[in-house]
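Hi,

Here is the structure I promised to send over. Have a look at it first, and then read on for what turned up.

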Amino acid sequence: KGKPLTFIDTPGHEAFTVMRSRGAKVADIAILVVAADDGVQPQTKEAINIIQAAKLPFIVAMNKIDKPDADPNRVMGQLAEAGITVEEWGGKIPMARISAKIGTGIDELLDLVLLVAEVEKERIMSNPDTRAAGTIIESHVDKGEGPVATAIIQNGTLNRNDWLGIAGNAYGRVRMMRDWNGKALEKATPGMPVKILGFRVAPSVGAI
């Protein structure tokens, strides 16, 4: 609907707790994905704790509803036991029934994201007319390009040739920026994921 959205995917495995907790600090809205056949797993409870600790507005996406052994009522019951009561059950948490595999319900899920963003507008708005601030979500040293970092800009606008500063030892100047398609950018505005070249050393993931 003409509104760009940035998604950060955090793997569901327990080993990725650190990454998930980092994702919560970068996100404006969380989508809690629960499988309609598996229900609430230990990592689901962990994700709920992270979302609640970060005080993030969130949506439940019940995935795999196309599977024959999907049992939405059982899953909603498990969610209620974990302290999450969805609107269908008289609670306040919006939920979309989706199938990532066949595409069911994806439009409804996106509509819910836009709706929650509208409701939470005051809390998640940023100012593009100030110095940029963001979070490093990936970082590595490339053979040809040197230290490369992917960041999400959370406030302000980052321009090519701007100086970069990070607590610790990573600093430098924006030599080049690329968007998610690899296209060169002159500037990056709030909400944009951007690949940055120009750090002297690779910054640590999660750094501001």
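Before the sheet, one definition: two strands count as paired if DSSP finds at least two bridges between them. Please keep in mind that this is a predicted model.

With that in hand, strand 2 and strand 3 run parallel and are joined by three bridges. One residue to click on is Ala61, whose bridge partner in strand 3 is Ala96. The open sheet has three strands in the order 1-2-3, with parallel pairing. Strand 1 and strand 3 (95-97) are its edge strands, each pairing on one side only. From one strand to the next, the twist averages 20 degrees. Helix 2 packs on this sheet, where it touches strand 1 and strand 2, and its direction makes about 165 degrees with that of strand 1.

Now the interior. The largest nonpolar core has 21 residues, and those touching the most other members are Leu32, Val34, Phe58, Val60, Leu79 and Ile84. At least two residues each come from strand 1 (30-35), helix 2 (42-53), strand 2 (58-63) and helix 3 (72-81). Helix 2 gives the most, with four residues. Leu32 has contacts that include Ala47, Ile48, Phe58 and Leu79, leaving aside residues up to four places away in sequence. Another core, of 17 residues, lies apart from that one, and Ala151, Ala170, Val194 and Ile196 are among its members.

One last residue: Thr135 sits in strand 4 (residues 133-142). Is Thr135 buried or exposed? Its relative accessible area is 4%, under the 20% cut-off, so Thr135 is buried. Beyond four places in sequence, Thr135 touches residues including Val26, Ala151, Ile152 and Ile208.

Best wishes

Terms used: Residues numbered from 1 in each chain as written. Predicted model: local features only at pLDDT ≥ 70, side-chain atom pairs only at ≥ 80, totals over all residues. Heavy atoms only, no water. Buried < 20%, exposed > 50% of the residue type's maximum accessible area, 1.4 Å probe, protein only. Contact = heavy atoms within 4.5 Å. Core = buried A, V, L, I, M, F, W, Y, C linked by side-chain atoms within 4.5 Å. Axes fitted to C-alpha atoms, helices over the stretch in contact; angles between N-to-C directions.
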